[in-house]
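Here is a set of short exercises to work through with the structure open beside you. Try each task on your own before you read the solution.

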Amino acid sequence: MSQKGRVKNLYKTLLYYGKDWPNGYDYFRTRLHKVFLKNKDEVDPEKIEKMIKHGEFVIKEIEALYMLKKYRTMKRRYYND
Amino acid sequence: MARVLVGVKRVIDYAVKIRVKPDKTGVVTDGVKHSMNPFDEIAVEEAVRLKEKKIASEIIAVSCGPAQSQEVLRTALAMGVDKGIHVEISGPEYKTLQPLHVSKILAKIAQNEKVDLVIVGKQAIDDDCNQTAQMTAGFLDWSQATFASKIEKGDNDITVTREIDGGLEVIKSKLPAVVSADLRLNEPRYATLPNIMKAKKKPIQKLTPKDLGVDVSPRIKIVSVEEPPTKQPGQIVPDVDTLIAKLKDAGLC
């Protein structure tokens, strides 16, 4: 996939993850849009590559956050220890 | 190689604040986010891991409920389940659907599909019944291992570590068996977007309770659904003497 395609893909994937965001999808979407817009004029392929890598890292973080949030809530609700 | 059946229930999302309907007939479900019961997610994850370890050959997920139950089946398919079975139950029958009915359905499907292992979540976060696994094992006359926090497969048996009051119990059980998943069994994976897309190509079989010969007519009548009592707000007292006086009044010291 071209770099441009990968950036688009990253954006769409992040939007998908935003649907479960604790502060709401709209909050997530505006922030995400702003961040992508901020770097829209970047042309250096190496820098873009770095940004994509960072985006993929953020996805992993969000996944971990959701998992932990759910686990902790369940633990608080159903277990006393 | 074992064939595995997992039960998945569509429940109101764990993060949603539950509201009771003003007429006390139930809780508000319209326009409320639903998702897979977290304990069922753990059950699905365990089945998928068994398949990745080449212990399970095929995983079938079952969900009983209205048409939207297919969404949780899709999630299960995206996590790695091979086939979904949707048992359509809607309207008044769904409102009074109980673990008794569901376990009859699960038992029937387990026999039809010739599965060796049934894994379900230990309880659903909406009704908190904690009965389906036990009753399914009862109807099938299979062994049961509830509240599993670890599952190991032997040649023709499984060793399950169970979470019990104040500790752990390790039991060995013959197959076929019914296992219910506890919170610490594993950490379920996230159903990614590409996998959700791929899951759309996986088959979902539609059945009705009638096809399975299961009677889902109500066994209970919902009399009233009420919110738990709200906690009284705390009070700040100016000094220790007032605190002690108040505690004495309340008969706490």
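**Exercise 1. A leucine and its surroundings**

Is Leu247(B) buried, partly exposed or exposed? Find its place in the chain, and then look for its partners on the surface.

*Solution.* Keep in mind throughout that you are working with a predicted model.

Step 1: The relative accessible area of Leu247(B) is 31%. Buried means under 20% and exposed means over 50%, so Leu247(B) is partly exposed.

Step 2: Leu247(B) belongs to helix α7 of chain B, which covers residues 240-249.

Step 3: Together with Leu243(B) and Leu252(B), Leu247(B) makes a nonpolar surface patch of about 270 Å².

**Exercise 2. Where two chains meet**

How many residues does each chain give to the contact, and what area is buried between chain A and chain B?

*Solution.* Step 1: Chain A brings 18 residues to the contact and chain B brings 22 residues.

Step 2: The size of an interface is often given as the accessible area lost when the parts come together. Between chain A and chain B that area is about 1800 Å², and carbon and sulfur atoms give 58% of it.

Step 3: On the chain A side, the residues that lose the most area to chain B are Tyr16(A), Tyr78(A) and Tyr79(A). Together these three account for 35% of what that side buries.

Step 4: Now look for charged pairs across the contact. There are two salt bridges between chain A and chain B. In a salt bridge of Lys70(A) with Glu41(B), the closest N and O atoms are 2.9 Å apart.

**Exercise 3. Salt bridges that link distant parts of a sequence**

How many salt bridges does the whole structure hold over all chains? Follow some of them and say which parts each pair ties together.

*Solution.* Step 1: The search finds 19 salt bridges over all chains.

Step 2: Begin in chain A, where Glu49(A) pairs with Arg6(A), with 2.9 Å between the closest N and O atoms. Glu49(A) sits in helix α3 (residues 45-78) and Arg6(A) in helix α1 (residues 3-18), so this pair ties together parts that are 43 residues apart in sequence. Glu49(A) is partly exposed because its relative accessibility is 25%, and Arg6(A) is partly exposed at 26%.

Step 3: Move to chain B and find Glu52(B), which forms a salt bridge with Arg189(B), the closest N and O atoms being 2.9 Å apart. Glu52(B) is in helix α1 (residues 38-52) of chain B, while Arg189(B) is in the loop between β10 (177-181) and α6 (193-199), so the parts tied together are 137 residues apart in sequence. Arg189(B) has a relative accessible area of 30% and is therefore partly exposed.

Step 4: Another pair in chain B is Lys122(B) with Asp182(B), whose closest N and O atoms are 3.9 Å apart. Lys122(B) lies in the loop between β6 (117-121) and α5 (132-140), and Asp182(B) in the loop between β10 and α6, so parts 60 residues apart in sequence are tied together. Both Lys122(B) and Asp182(B) are buried.

Step 5: Finish with a network of salt bridges that links Arg3(B), Glu58(B), Lys83(B) and Glu113(B).

**Exercise 4. Special points in the backbone**

Which peptide bond is cis, going from Leu175(B) to its partner? Then study the phi angles of Lys54(B) and Asn130(B).

*Solution.* Step 1: The bond from Leu175(B) to Pro176(B) is cis, and its omega is near -5°. Pro176(B) is in the loop between β9 (167-174) and β10 of chain B.

Step 2: Lys54(B) is not a glycine, yet its phi is positive, at about 65°. Look for Lys54(B) in the loop between α1 and β4 (56-65) of chain B. With a relative accessible area of 63%, Lys54(B) is exposed.

Step 3: Asn130(B) is not a glycine either, and has a positive phi of about 60°. This residue is in the loop between β6 and α5 of chain B. Asn130(B) counts as partly exposed because its relative accessibility is 22%.

**Exercise 5. Reading a record alongside the model**

What feature does UniProt place at residues 6-59 of chain A, and how much of that span is helix?

*Solution.* Step 1: The unreviewed UniProt entry gives "domain: Complex 1 LYR protein" for residues 6-59 of chain A.

Step 2: In the model this span is 78% helix and 0% strand, and its end C-alpha atoms lie 14 Å apart.

Methods:
Residues are numbered from 1 along each chain as its sequence is written. Chains are lettered from A and ligands numbered from 1 in the order in which they are written. This is a predicted model: local features need pLDDT of at least 70, side-chain atom pairs count only at pLDDT 80 or more; totals for chains, interfaces and linings use all residues. Side-chain values use heavy atoms; hydrogens and water are left out. Patches are made of residues with over 30% relative accessible area and no salt bridge: like charges are joined within 9 Å, nonpolar side chains (Val, Leu, Ile, Met, Phe, Trp, Tyr) within 5 Å. Accessible areas come from the Shrake-Rupley method with a 1.4 Å probe; for residues, only the protein chains shown count as cover. A salt bridge is a side-chain nitrogen of Lys or Arg within 4 Å of a carboxyl oxygen of Asp or Glu. Helices (H or I, at least four residues) and strands (E, at least two) are DSSP runs, numbered from the N terminus. Buried means under 20% relative accessible area, exposed over 50%, partly exposed in between (1.4 Å probe, protein chains only). Contact means heavy atoms within 4.5 Å. Buried area is the accessible area (1.4 Å probe) that two parts lose on being put together, summed over both. UniProt positions are given in the numbering used here, feature names are shortened, and annotations may be inferred rather than shown by experiment.
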